[in-house]
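Hi,

Here is the model I promised to pass on. Have a look at it first, and my notes follow underneath.

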Amino acid sequence: MASESRLYSFSPETKTALRKFRLGTSRAKDPQAVIYQIDKKSLEISKADDEVYTDMSTLGEELPDHSPRFILLSYPLTMDSGRLSVPYVMLYYLPVTSNSELKMLYAGAKELMRNTAEVNKIIEIQEAEDLDEIEDKLKGED
């Protein structure tokens with residue numbers, strides 16, 4: 001972890017936004033998702049845009065076809081037992097069409113992003129269509 005934290009960086013604003021998002025989504029009634037990317041030159045991890053996505057299909061439309069992304073997702077759902085659960089996970093979007101350099105860049109930052117965002121679970125997805133099954137993946141992992 002020490003080497004990753006020297007290689008990749010988060011601005012103070014990004015760290016604040018990560019914490020605020022985590023704390024602010026635990027009571028949300030709708031899914032909440034934000035997309036993070038890595039700047040190839042500075043290796044700074046930051047939000048890809050200022051959107052908070054509440055619709056999985058809209059989120060899918062925003063994902064690039066050939067570049068990985070980290071997506072923080074808070075997804076309220078009712079379990080089979082009737083209990084309300086709001087899993088907070090990181091989606092590791094890794095399209096098969098990504099080049100090796102980008103794959104290695106994101107793979108190297110995955111654990112640092114997980115720890116900084118204070119996420120317990122990482123779910124890997126390879127295409128935007130995988131978002132359609134995210135609720136099943138979340139329910140199956142309880």
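Among contacts in the protein chain between residues at least 6 apart in sequence, what percentage join residues at least 24 apart? The figure is 63%, where a contact means heavy atoms within 4.5 Å.

Before the rest, the small print. This is a predicted model, so to speak of local features we need pLDDT of at least 70, and side-chain atom pairs count only at pLDDT 80 or more, while totals for chains, interfaces and linings use all residues. Residues are numbered from 1 along each chain as its sequence is written, and side-chain values use heavy atoms, with hydrogens and water left out.

On to the fold. The protein chain has five helices and seven strands, in the order α-α-β-β-α-β-β-β-β-α-β-α from the N terminus. These elements are DSSP runs numbered from the N terminus: helices are H or I with at least four residues, strands E with at least two.

As for dimensions, the C-alpha trace spans about 45 × 30 × 25 Å along its principal axes. The radius of gyration is 15 Å, which agrees with the value near 14 Å for a compact globule of 142 residues; it is taken over C-alpha atoms, and the globule rule is 2.2 Å times the number of residues to the power 0.38. Of the 142 residues, 44% count as buried, meaning under 20% relative accessible area (exposed is over 50%, partly exposed in between; 1.4 Å probe, protein chains only).

Now the part I liked: the aromatics. There are three aromatic pairs, counting rings of Phe, Tyr and Trp (its six-membered ring) with centres within 6.5 Å; planes under 30 degrees apart are stacked, over 60 edge-to-face and the rest tilted.

Phe21 and Tyr88 make a tilted pair, because their ring centres are 6.3 Å apart and their planes are at 50°. This pair links distant parts of the chain, with Phe21 in helix H2 (residues 12–25) and Tyr88 in strand E6 (residues 88–93), 67 residues apart. Both Phe21 and Tyr88 are buried.

Phe70 and Tyr92, on the other hand, are stacked, because their centres lie 5.8 Å apart and their planes are at 25°. Here Phe70 sits in strand E3 (residues 69–74) and Tyr92 in strand E6, 22 residues apart. Phe70 is buried at 0% relative accessibility, and Tyr92 is buried too, with a relative accessible area of 3%. Phe70, Tyr92 and Tyr106 form one aromatic cluster.

Cheers
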